[in-house]
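Student: I have a model open on my screen and would like to learn how to read it. Could we go through it together?

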Amino acid sequence: MSASAYSLRFQSGFTYIGVLVLVVIMGIMAAATADLWRTERKRESETELLFVGNQYRQAISQYYNQNTSRGRSFPGSLQDLLQDPRTPGTKRYLRQLFPDPVTGSEEWGLVKGPAGEIMGVFSLSEEMPLKKGNFQRADAKFEDKQKYSEWVFIYTPSQTSQQLAPTPPAKPKPGGSRVPR
């Protein structure tokens, strides 16, 4: 075997190994990119779930607080939020029924009251959320929950009225010190 034939064979072997290393590196990068994309998509789904869940909570609150001749009540179905059957004409609390952003399904878990009325909604997903803390005040109960289905968007009239009640000013203590003018 001549020296030039040996050199050509060595170069083609080196090129083959180089291509294999390049393919492995590209595979690792593709896997990392896919993992990063999945994580980002999950964060977007969580943000959307918080938005949509709060839209449902707000719509249920508005429905409940709408004074009617029969008094206050919760909706009997999510469809009632699209058109209130208690009022003449069209009264909407939502423009559309939103799908669950985590599962992609139109079906939501429903929090039912004693008479079967809807007081809140939650995702049916059993996946573990990425977000564990730093929630807004209305969602503070979601801290450290282990599943999306534990993020319950419920409207409770007594809790909300207590949260929204103004704090009375502090009363001065009798016999307290006065600041001279």
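Tutor: Gladly; we will go from the overall layout to single residues. Keep in mind that this is a predicted model.

Student: Let's start with the layout. How many helices and strands are there in the protein chain?

Tutor: The protein chain has two helices and three strands. Following the sequence, you meet them in the pattern α-β-β-β-α. Helix α1 covers residues 3-65, and α2 covers 157-164. The strands are β1 at 109-112, then β2 at 118-122 and β3 at 152-154.

Student: What share of the residues of the protein chain count as buried?

Tutor: Of its 181 residues, 28% count as buried. The accessible surface is about 13000 Å², and carbon and sulfur atoms hold 58% of that. You can also look at how far apart in sequence the contacting residues are. Among contacts with a separation of 6 or more, 47% join residues 24 or more positions apart.

Student: Now the interior. Which residues have the most contacts inside the largest nonpolar core?

Tutor: Those are Y56, L81 and W151, in a core of 27 residues. The elements that give two or more residues to this core are α1 and β2, and α1 gives the most, with eight. To see one member's surroundings, select L81: beyond its neighbours within four places in sequence, L81 contacts Y56, A59, I60, Y63, P75, R92, Y93 and L94.

Student: And the outside? Which residues form a nonpolar patch on the surface?

Tutor: Look at Y16, I17, L20, V21, I25 and M29, which together have about 610 Å² of accessible area. L20 is a good one to click on: it sits in helix α1 and is partly exposed, with a relative accessible area of 42%.

Student: Next, charges. How many salt bridges does the count come to?

Tutor: The count comes to six. Let's take three of them, beginning with R38 and D35, whose closest N and O atoms are 3.7 Å apart.

Student: Why are R38 and D35 separated by about one helical turn?

Tutor: Because they are three residues apart in helix α1. Both ends are partly exposed: R38 has 49% relative accessibility, and D35 has 42%.

Student: Where do the two partners E127 and K42 lie?

Tutor: Here the side chains of E127 and K42 meet in a salt bridge at 3.8 Å, N to O. E127 is in the loop between β2 and β3 while K42 is in helix α1, so the pair ties together parts 85 residues apart in sequence. E127 is partly exposed at 41% relative accessible area, and K42 is partly exposed at 22%.

Student: You promised a third. Is D84 buried or exposed?

Tutor: D84 counts as buried, at 1% relative accessibility. Its salt-bridge partner is R86, with the closest N and O atoms 2.9 Å apart. R86 also counts as buried, because its relative accessibility is 14% and the cut-off for buried is under 20%. While you are at D84, notice its backbone oxygen, which lies 3.4 Å from a polar atom of the T87 side chain. T87 belongs to the loop between α1 and β1 and counts as buried too, at 18% relative accessibility.

Student: What does the side chain of Y155 make a polar contact with?

Tutor: The partner is the side chain of N65, at 3.1 Å. Y155 is in the loop between β3 and α2 and is buried, with a relative accessible area of 6%. Y155 also shows how sequence and space can diverge: Y155 and M119 are 36 residues apart in sequence, with their C-alpha atoms 5.7 Å apart.

Student: Last one: the backbone angles. What should I expect of phi in residues other than glycine?

Tutor: In most of them phi is negative. Two residues here have positive values: phi is near 65° in N134 and near 60° in D144.

Student: Where are N134 and D144 found?

Tutor: N134 is in the loop between β2 and β3, and D144 is in the loop between β2 and β3 as well. N134 counts as exposed at 72% relative accessibility, and D144 is exposed with a relative accessible area of 55%.

How values were computed. Residues are numbered from 1 along each chain as its sequence is written. This is a predicted model: local features need pLDDT of at least 70, side-chain atom pairs count only at pLDDT 80 or more; totals for chains, interfaces and linings use all residues. Side-chain values use heavy atoms; hydrogens and water are left out. Patches are made of residues with over 30% relative accessible area and no salt bridge: like charges are joined within 9 Å, nonpolar side chains (Val, Leu, Ile, Met, Phe, Trp, Tyr) within 5 Å. Accessible areas come from the Shrake-Rupley method with a 1.4 Å probe; for residues, only the protein chains shown count as cover. A salt bridge is a side-chain nitrogen of Lys or Arg within 4 Å of a carboxyl oxygen of Asp or Glu. Helices (H or I, at least four residues) and strands (E, at least two) are DSSP runs, numbered from the N terminus. Buried means under 20% relative accessible area, exposed over 50%, partly exposed in between (1.4 Å probe, protein chains only). A polar contact is a pair of N or O atoms within 3.5 Å; within protein, one must be able to donate a hydrogen and the other to accept it, and residues adjacent in sequence count only if both atoms are side-chain atoms. Contact means heavy atoms within 4.5 Å. A nonpolar core is a set of buried Ala, Val, Leu, Ile, Met, Phe, Trp, Tyr and Cys residues joined through side-chain atoms within 4.5 Å.
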